[in-house]
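Please read the following walk through the fold with the sequence and the coordinates open side by side, moving from a single loop residue to the ligand site and then to the sheets.

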Amino acid sequence: MAELSYITAGESHGQALITLIDGLPAGVRLDSEIIDGELKRRQGGFGRGGRMKIETDTATILTGVRNGVSIGAPLTLHIHNRDFRINEAPEINRPRPGHADLAGSLKWLTTDCRETLERASARETAARAAAGGVAKCLLREFDVQCVGFVLSIGTASATVADDADADTLLSTRDSNAVYTPDAAAVDAMIEQVKAAGRDRDTAGGVVEVRVFGLPPGLGSCFSARGRLDGRLMGAIGSIQAFKGVEVGLGFEATRRPGSLVHDAIYYDPAKRGEPSFGFVRKTNNAGGLEGGMTNGCTLVVRGAMKPISTLMRGMDSVNLKTLQPERSDYERSDVCAVPAASVVAENVVAFEIARAWLEKFGGDTLKEVRAAYEHYCEGIRRLAE
Ligand code: EPS
């Protein structure tokens, strides 16, 4: 039984994107509506550019499946690129500040940034969203729900209640073009994107992911690798253009005394049937993680996305062929991909949670995973007997 893992392959303007997932147990129903739903949402959001009008991302599951159900073998997903022109696309010699262009060209000893940017492009996040979609097919079996949304774009911020439930977040988030659960913040966020577009500039923002329904004890405090907070930070920090990650209160915790940071523990027998098993908190400043493990509260993690580095107005750069100062290259780009990035963040978090889930409850089949989970829950319920 392998650890749940995935790798992606594929270039922005290559033939296709591929996701290869290993370690998924047999017996998981792979729902195309879920996987393609993630892909569709990732393509949307106010601020996207011309490329998303060309592509219609859907995933074909090539291997590891029989009649729509996983068989436990490696799973391969294929997303076709309509804009497939990698061999004809022109050279890029004037690196865009903020993109992988310069560092990659030096690393791979070339003056053509395209050698690097084709793979560095955030197009790759479609393949990650597909991996997250598969993870969600597992997690829904246990009523675990991951909800990603936009918290801010530029200086426009949403206000989101700490105790909002998943359905409340989803209903507002899915009814506006910036994927935020605060209807009152939508116009201001859209205006931030429009203003950036008018300036031939780009806009960044903050996304948040909450995970509902997690039992305590996923992850481990016994090793650096086992700590789930580190893994989630790594997963979000590895998304293209992300420059910061917070769990729970995050950096705000440093400005408060411990008594106003840590979430006091109470026991409420009426809540024994909930993921907290009755060990309740009045606050969730820890964001559902203590000692690198889930604690039964909602998991809360945020990521900061810088503005996209392909600017219509360009920036000062250097031509790698002539070493003369020139403006950076521009072909086409999004003005803002923060809504799309909220979908990617939701999905990379879903995958990390699924991985941690299988570490604790793993088995060759979904049946065994379910039995291990139920056995564990029973163990917690009987702790104080
Ligand atoms: C990207 C550049 C743009 C974006 C792309 C990321 O693509 P193109 O160069 O084809 O216009 O649209 O994002 C996607 C294609 C996507 O699917 O999200 C970049 O350079 O990072």
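Ser333 sits in the loop that links strand 17 (325-327) to helix 9 (338-361), in what is a predicted model. Once its neighbours within four places in sequence are set aside, Ser333 is in contact with Gly49 and Thr310. With Thr310 there is a polar approach, in which a polar atom of the Ser333 side chain lies 3.1 Å from the backbone oxygen of Thr310. A further reference point is Gly45, which is 288 residues away from Ser333 along the chain, while the C-alpha atoms of the two are separated by 14 Å.

On either side of Ser333 in sequence are Arg332 and Asp334, and both belong to the set of residues surrounding the ligand. That set also includes His13, Arg42, Arg48, Arg51, Met52, Arg96, His99, Ser121, Ala122 and Arg123. Sorted by class, the shell holds seven charged, three polar and two nonpolar residues. Which distances separate polar side-chain atoms from the oxygen atoms of the ligand? For Arg332, a polar side-chain atom lies 2.6 Å from a ligand oxygen; for His13, the corresponding distance is 2.7 Å; and for Arg51, an N or O atom of the side chain is 2.8 Å from an oxygen atom of the ligand. The ligand taken alone exposes 470 Å², and the protein buries 91% of that area.

His13, one of the residues around the ligand, leads on to the hairpin of strand 1 and strand 2, which has six residues between its strands and in which Gly10 takes a positive phi near 125°. The two strands of this hairpin pair in the antiparallel sense over five bridges, and within the pairing Ala9 stands opposite Ile18 of strand 2.

The hairpin is part of an open sheet of four strands, arranged in the order 1-2-6-3 with antiparallel pairing. Strand 1 (5-9) and strand 3 (59-63) are the edge strands, each of them pairing on one side only. On average, and with direction ignored, neighbouring strands of this sheet are turned by 20° against each other. Further into the order, six bridges hold strand 2 (residues 16-22) and strand 6 (residues 75-80) in an antiparallel pair, and Ile21 has Leu75 of strand 6 as its bridge partner. Helix 1 (residues 32-43) lies across strand 3 and strand 6, and runs at about 135° to strand 3.

A second open sheet contains five strands in the order 8-7-9-15-10, again with antiparallel pairing. Why is one side of strand 8 and of strand 10 left without a neighbour in the sheet? Strand 8 (156-157) and strand 10 (242-247) stand at the edges and have a single partner strand each, so one side of each remains without a neighbour in the sheet. Within the order, strand 9 (residues 205-212) and strand 15 (residues 299-305) run antiparallel and are joined by seven bridges; here Val206 has Ala304 of strand 15 as its bridge partner. Helix 8 (residues 228-237) lies across strand 10 and strand 15, running at about 155° to strand 10.

How values were computed. Residues are numbered from 1 along each chain as its sequence is written. This is a predicted model: local features need pLDDT of at least 70, side-chain atom pairs count only at pLDDT 80 or more; totals for chains, interfaces and linings use all residues. Side-chain values use heavy atoms; hydrogens and water are left out. Two strands pair if DSSP finds at least two bridges between them. Contact means heavy atoms within 4.5 Å. Axes are lines fitted to C-alpha atoms, for helices over the stretch in contact, and angles run from 0 to 180 degrees between N-to-C directions. A residue is near a molecule or strand if one of its heavy atoms lies within 4 Å of it. A polar contact is a pair of N or O atoms within 3.5 Å; within protein, one must be able to donate a hydrogen and the other to accept it, and residues adjacent in sequence count only if both atoms are side-chain atoms. Accessible areas come from the Shrake-Rupley method with a 1.4 Å probe; for residues, only the protein chains shown count as cover. Ala, Val, Leu, Ile, Met, Phe, Trp, Tyr, Cys and Pro count as nonpolar, Asp, Glu, Lys and Arg as charged, and the others, Gly among them, as polar.
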